[in-house]
Amino acid sequence: MGIVAGLDSSSAFTRIVVCDADTGAVLRQGYAPHPVEAKAIEIDPQVWLLSLGEAAAGGLLEGVQAIGVSAQQHGLLTLDRQGNLVRPALLGNDKRAQAAAADLIDALGGRQAWAEAVGSVPQSAQPVAKLRWMARSEPEAAQQVASVMQPHDWLVWQLLGRPARRTTDRGGASGTGFWSAGTGSYRPDLVELALGHQCALPEVLGPADAAGTTPEGLLISAGTGETMAAAFGLGVGVGDAVVSLGASGSVMAVHHQALADPGGMITSFADATGMHLPVVHTLNAVRALRGTAELLGLEGLDELSALAMKSTPGSSGLVMLPYLEGERTPQLPHTAGTLSGLRRESMKPEHLARAAFEGMLCSLADAMDVLRGRGVEVCRVFLLGGAAELPAVQTAAPAIFGAQVVVPQPADYAALGAARQAAWALGVSQGTLSPAAPPAWQGASAQVFEPGEERAVGQAVRQQYGATRDQIHPGAFNPTS
């Protein structure tokens, strides 16, 4: 069918993969860092274009017929009536809008009202909260806002030469806080509630739609957010969950419908295929491992893993509740972590090391149970992040999750997902693919781990963890609520 490219503009760099449109085989790749500080909370988006140009240098895109774009999520670009930026782009890690998010929750009547309206409860990262912050902190700038975009929307618009038509996709729109994955429509009233007036919103394209064609004839697909692109690149489907092990953690799964969670623990995203991606976040994951390694005087996570492997399941009765930064699942924002079960025989470094791994995994299993309690099927778990390579994680995760665990080989899955989307849009435009079925690219190469006979052991570890959690935080967590 041809050659396509996927472009991932993350918070720190641009990656480009050029792929065979039929098979997904990677033909060549490009990379360039963003010339910005790692902790920047706002940015001139022109640096994204500079990085893109550097990553595509040397004829990387020669022969490419279509491009898909994925980009960092929860950024906000505000434009005036002429299409010029009102202010630098606000990034997802900007926490200045925390008070604004709380204001919005109260203004609409609480967490349940928001969950029912758009499938999520406002957080500081979301564009809806950033608009509220602008209206309160930068009122003169807020009054100039005539339209809003997210990073992938803006990059697509730039690639197309800034046309009058501005677009986004379901995945990106579902993270704004003013588009509902359940109804498939915007809530302009929520934009007005946040900003103080109406503004233009990008047209939401379908998964296989094209955003347009450049003057040179290059097809640009709808694009999407990094989370949705990575899921598409991995090839996950119904019955699959993706557990991300960063400093914080997340569990997302492919589901056939949007989930409105009155408690606000589930964020109801749309995916890049027409399905849904309900996500549950935890505030603590690998940070619990790093903290334990420091406490034990170890050099890093590899040493912590090796030490944990000297212990046994259940950590000799030692239980760690890894709520070190407060917790979001369950909702305990002001709590601290707990180490329970200290007895003379359990007071050994290897048991503490294993308790850290088991605590992290049990906390994520709690998050997974939030989804399972709402009817989401989880038969297979994709485990992402550097910590997924640790033997202590690979040994314990299948039994604790009660499912097959897949650890994909490291790859640029967001860029691959963007390229697959480009191939889909190209195939539809050529009449060789259906809008209902994406190209059948080969899935990610991976290691596979089965719970096997250890499933019962894993459930015993979870029972020990759950009993401790419920004793210390009674009533804080009900996975079926």
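Start at the largest cavity, which holds about 60 Å³ of space. A cavity is a set of points, on a 1 Å grid over the protein atoms alone, where a 1.4 Å probe fits but cannot get out. Points are joined across faces, edges and corners, and a volume is the space filled by probe spheres set on them. This is a predicted model: local features need pLDDT of at least 70, side-chain atom pairs count only at pLDDT 80 or more, and totals for chains, interfaces and linings use all residues. Residues are numbered from 1 along each chain as its sequence is written, and side-chain values use heavy atoms, with hydrogens and water left out.

**Stop 1: the largest cavity**

Select Leu76, Pro127, Val148, Met149, Gln150 and Asp153. Add Thr168, Ala173, Thr176, Phe178, Tyr186 and Pro202 to complete the lining of the largest cavity. Lining residues have an atom within 4 Å of a point. Colour them by class: 8 are nonpolar, 3 polar and 1 charged. Here Ala, Val, Leu, Ile, Met, Phe, Trp, Tyr, Cys and Pro count as nonpolar, Asp, Glu, Lys and Arg as charged, and the others, Gly among them, as polar.

**Stop 2: helix H4 and its partner**

Pro127 also belongs to the buried set of H4. Select H4, residues 127-137, and then H8, residues 188-195. Helices (H or I, at least four residues) and strands (E, at least two) are DSSP runs, numbered from the N terminus. The two axes come within 7 Å and cross at roughly 35°. Axes are lines fitted to C-alpha atoms, for helices over the stretch in contact, and angles run from 0 to 180 degrees between N-to-C directions.

Show the side chains at the crossing. From H4 come Val128, Leu131, Arg132 and Ala135. From H8 come Leu190, Val191, Leu193, Ala194 and Leu195. Contact means heavy atoms within 4.5 Å. By class, this contact has 8 nonpolar residues, no polar ones and 1 charged.

H4 is mostly covered, with 9 of its 11 residues buried. Buried means under 20% relative accessible area, exposed over 50%, and partly exposed in between (1.4 Å probe, protein chains only). The buried residues of H4 include Lys130, Trp133 and Met134.

**Stop 3: the second largest cavity**

How many cavities of 30 Å³ or more does the structure hold? There are 4. The second largest has a volume of about 50 Å³. Select Ser315, Leu318, Val319, Met320, Ala355, Glu358, Gly359, Cys362, Val461, Gln464 and Tyr465 to see its lining. Strand S20 (319-321), helix H12 (349-372) and helix H15 (455-472) each give two or more residues to this lining. H12 supplies the largest share, 4 residues. The classes are 7 nonpolar, 3 polar and 1 charged.

**Stop 4: the second largest pocket**

Now an open space. A pocket is an open set with protein on both sides within 12 Å along at least five of seven lines. The second largest pocket has about 330 Å³ of space. Its lining has 15 residues, and the closest to its centre are Leu416, Gln442, Gly443, Ala444 and Ser445. The lining divides into 8 nonpolar, 7 polar and no charged residues.

**Stop 5: Thr267**

Go to strand S18 (residues 266-270) and pick Thr267. Is Thr267 buried or exposed? Thr267 counts as buried because its relative accessibility is 7%. Beyond residues up to four places away in sequence, Thr267 touches Gly119, Ser120, Leu277, Pro278, Val279, His281 and Arg328.

**Stop 6: helix H9 and its end**

Select H9, residues 226-234. H9 is mostly covered, with 7 of its 9 residues buried. They are Met228, Ala229, Ala230, Ala231, Phe232, Gly233 and Leu234. Step just past the helix to Gly235, which takes a positive phi of about 85°.

**Stop 7: two outlying picks**

Gly161 lies in the loop between helix H6 (151-159) and strand S9 (167-169). Gly161 counts as exposed because its relative accessible area is 54%. Measure from Gly161 to Thr213: 9.6 Å, C-alpha to C-alpha, across 52 residues of sequence.

Then take Asp103 in helix H2 (residues 98-108). Asp103 is partly exposed, at 34% relative accessible area. Asp103 and Leu324 are 26 Å apart, C-alpha to C-alpha, and 221 residues apart in sequence.

**Last stop: cysteines**

Cys199 is buried at 12% relative accessibility. Cys379 is partly exposed at 45%. A disulfide is a pair of cysteine sulfur atoms within 2.5 Å, and the count comes to 0.
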